[in-house]
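Q: Could you take me through one part of this model up close? I'd like a single helix and what sits around it, explained the way you'd do it at the bench.

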Amino acid sequence: MSRVLIVGAGLTGSLCACLLRREMPNKVIVVWDKSRGAGGRMSTSRSPSDASCIVDLGAQYITATTYYAKMHQNFYEELLAHGVLKPLVSSVEGEVMKDGGHKNYVSPTGVSAIVKHFLKQSAGAEVFFDHHVTHIYQKGAIWEVCRKGGAPEQFDAVVLTMPVPQILQLQGDVGSLLEKSQRQQLEAVSYSSRYALGLFYKAQAHIDVPWAAKYISNNPCIRFIAIDDKKRNLESPECGTSMVVHTSVPFGIKHLEEAKEQVEPLILEELNKLLPGLPQPDSIKCQKWRYSQVRSSVADCPGQMTLLSQPLLVCGGDGFTHSNFDGCIESALKVFDVLKHSL
């Protein structure tokens with residue numbers, strides 16, 4: 001029975017696992033992620049003192065253009081039917097409209113619920129967190145995969161869905177398998193970098209703004225602010241409110257190599273200038289997104305890159321398409337097509 005390892009429990013990896021389970025149920029599916037939980041850049045954080053108070057630190061909402069709403073209709077309908085997505089009805093100030101027919105969606109329980117849904121649908125998959133892959137070696141017709149602090153394991157196929165720079169950092173045989181043109185394409189992929197602050201407030205705390213989310217222009221530090229429970233239309237006097245702040249990309253790049261503890265006060269200072277009189281947060285979560293959004297993907301957006309056919313080693317993720325929900329869906333479908341024809 002073929003054993004398939006998917007590295008990365010973000011949207012691309014979780015949907016790959018789901019598609020494998022649904023259409024190739026006899027495969028052993030293993031998912032490894034170096035983080036402590038599922039989501040990748042669809043990350044949701046909880047207040048340490050109130051589990052009902054959550055904030056999305058990465059993706060904020062899903063925008064379905066007319067084209068992708070039709071192309072990926074089954075996935076949108078599935079997520080809506082399970083209550084994982086619902087229409088965004090709150091006000092987003094300063095949003096740039098790219099498609100007059102687009103629709104925005106939010107996740108009532110946090111955006112990581114999308115990833116968790118697909119992992120749940122891959123019932124029986126062995127999902128492990130705190131598994132950081134460091135080396136991959138070809139051993140005849142199988143792959144031997146090493147991780148920090150654990151024994152090597154063997155797989156018949158490996159799918160890599162982490163950000164492209166992390167693929168290039170892998171030790172072992174990956175580097176020697178890359179053709180010159182493949183390496184050049186991967187090295188040309190670039191990402192934006194930014195920080196995100198999640199601010200958690202006690203119940204009864206009030207943030208008096210007329211919008212649920214707002215894009216900030218002409219500010220060197222802050223690009224986006226959302227009142228997270230208001231964004232999801234779930235305001236309640238019994239639950240604490242929460243806020244997320246995304247910095248601008250230039251700010252993120254400037255402070256990328258600094259400790260989060262040094263950067264957090266800079267963001268808070270600017271936030272209090274923009275929104276004077278904010279209540280004191282109960283707790284704060286600072287997230288550094290070194291690989292935030294893809295600025296330049298692999299040429300021609302192929303959705304995947306096969307490094308070796310037998311045994312199969314294939315790469316996917318938004319670095320091979322474009323950096324949003326539909327880009328990850330598109331990549332997962334392309335990767336699954338390769339798996340289906342190789343296993």
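A: Here is a walk along helix α10 and its surroundings, followed by a few other spots for contrast. Keep in mind that this is a predicted model.

Let's start with the helix itself. Helix α10 takes in residues 260-274, which makes 15 residues. From its first C-alpha to its last it reaches 21 Å, close to the 21 Å expected at 1.5 Å a residue.

Now, which residues of α10 are buried? They are Val 263, Ile 267, Leu 268, Glu 270 and Leu 271. Looking down the axis of α10, you find these buried residues within an arc of 170°, so they line one face of the helix. The background here is that an α-helix has 3.6 residues a turn, so residues three or four places apart point the same way. Flip to the other side of α10 and you meet Glu 261, Gln 262 and Lys 273, which are exposed.

What covers the buried residues of α10? The cover includes the strands β16 (194-200), β18 (222-227), β19 (242-247) and β20 (283-289), along with helix α9 (249-254).

One of those covering strands, β20, holds Cys 286. With a relative accessibility of 7%, Cys 286 counts as buried, because the cut-off for that is under 20%. Leaving aside residues up to four places away in sequence, Cys 286 touches Tyr 195, Ala 196, Leu 197, Lys 260 and Glu 264. As for distance, the C-alpha atoms of Cys 286 and Phe 129 are separated by 21 Å, and these two are 157 residues apart along the chain.

Between α10 and β20 runs a loop, and Gly 277 lies in it. Buried or exposed? Gly 277 counts as exposed, at 76% relative accessibility. Its C-alpha is separated by 9.4 Å from that of Asp 208, although the two residues are 69 apart along the chain.

Another covering strand, β16, leads to a loop worth a look: Gln 204 is placed between β16 and β17 (213-215). Gln 204 has a positive phi of about 85° although it is not a glycine. For background, most residues other than glycine have a negative phi, and most peptide bonds are trans. At 63% relative accessibility, Gln 204 counts as exposed.

Cys 301, in the loop between β21 (294-296) and β22, also has a positive phi, of about 45°, without being a glycine. Cys 301 counts as partly exposed, at 31% relative accessibility. Further on, in the loop between β22 (304-308) and β23, comes Pro 311. The peptide bond from Gln 310 to Pro 311 is cis, with omega near -10°.

For contrast, take helix α1 (residues 11-23), with 13 residues. Of these 13, 11 are buried, so α1 is largely enclosed by the rest of the structure. The buried residues of α1 pack against β1 (3-7), β2 (28-32), α3 (73-81), α4 (112-121), β23 (312-316) and α11 (325-342).

Last, some empty space. The second largest pocket has a volume of about 220 Å³. It is lined by 16 residues, and the closest to its centre are Ala 205, His 206, Asp 229, Glu 235 and Thr 241. By class, that lining divides into 7 nonpolar, 5 polar and 4 charged residues.

Notes. Residues are numbered from 1 along each chain as its sequence is written. This is a predicted model: local features need pLDDT of at least 70, side-chain atom pairs count only at pLDDT 80 or more; totals for chains, interfaces and linings use all residues. Side-chain values use heavy atoms; hydrogens and water are left out. On a 1 Å grid over the protein atoms alone, a cavity is a set of points where a 1.4 Å probe fits but cannot get out, and a pocket is an open set with protein on both sides within 12 Å along at least five of seven lines; lining residues have an atom within 4 Å of a point. Grid points are joined across faces, edges and corners, and a volume is the space filled by probe spheres set on the points. Ala, Val, Leu, Ile, Met, Phe, Trp, Tyr, Cys and Pro count as nonpolar, Asp, Glu, Lys and Arg as charged, and the others, Gly among them, as polar. Helices (H or I, at least four residues) and strands (E, at least two) are DSSP runs, numbered from the N terminus. The expected span of a helix is 1.5 Å times one less than its number of residues. Buried means under 20% relative accessible area, exposed over 50%, partly exposed in between (1.4 Å probe, protein chains only). The arc is that of the directions from the helix axis to the C-beta atoms. Contact means heavy atoms within 4.5 Å.
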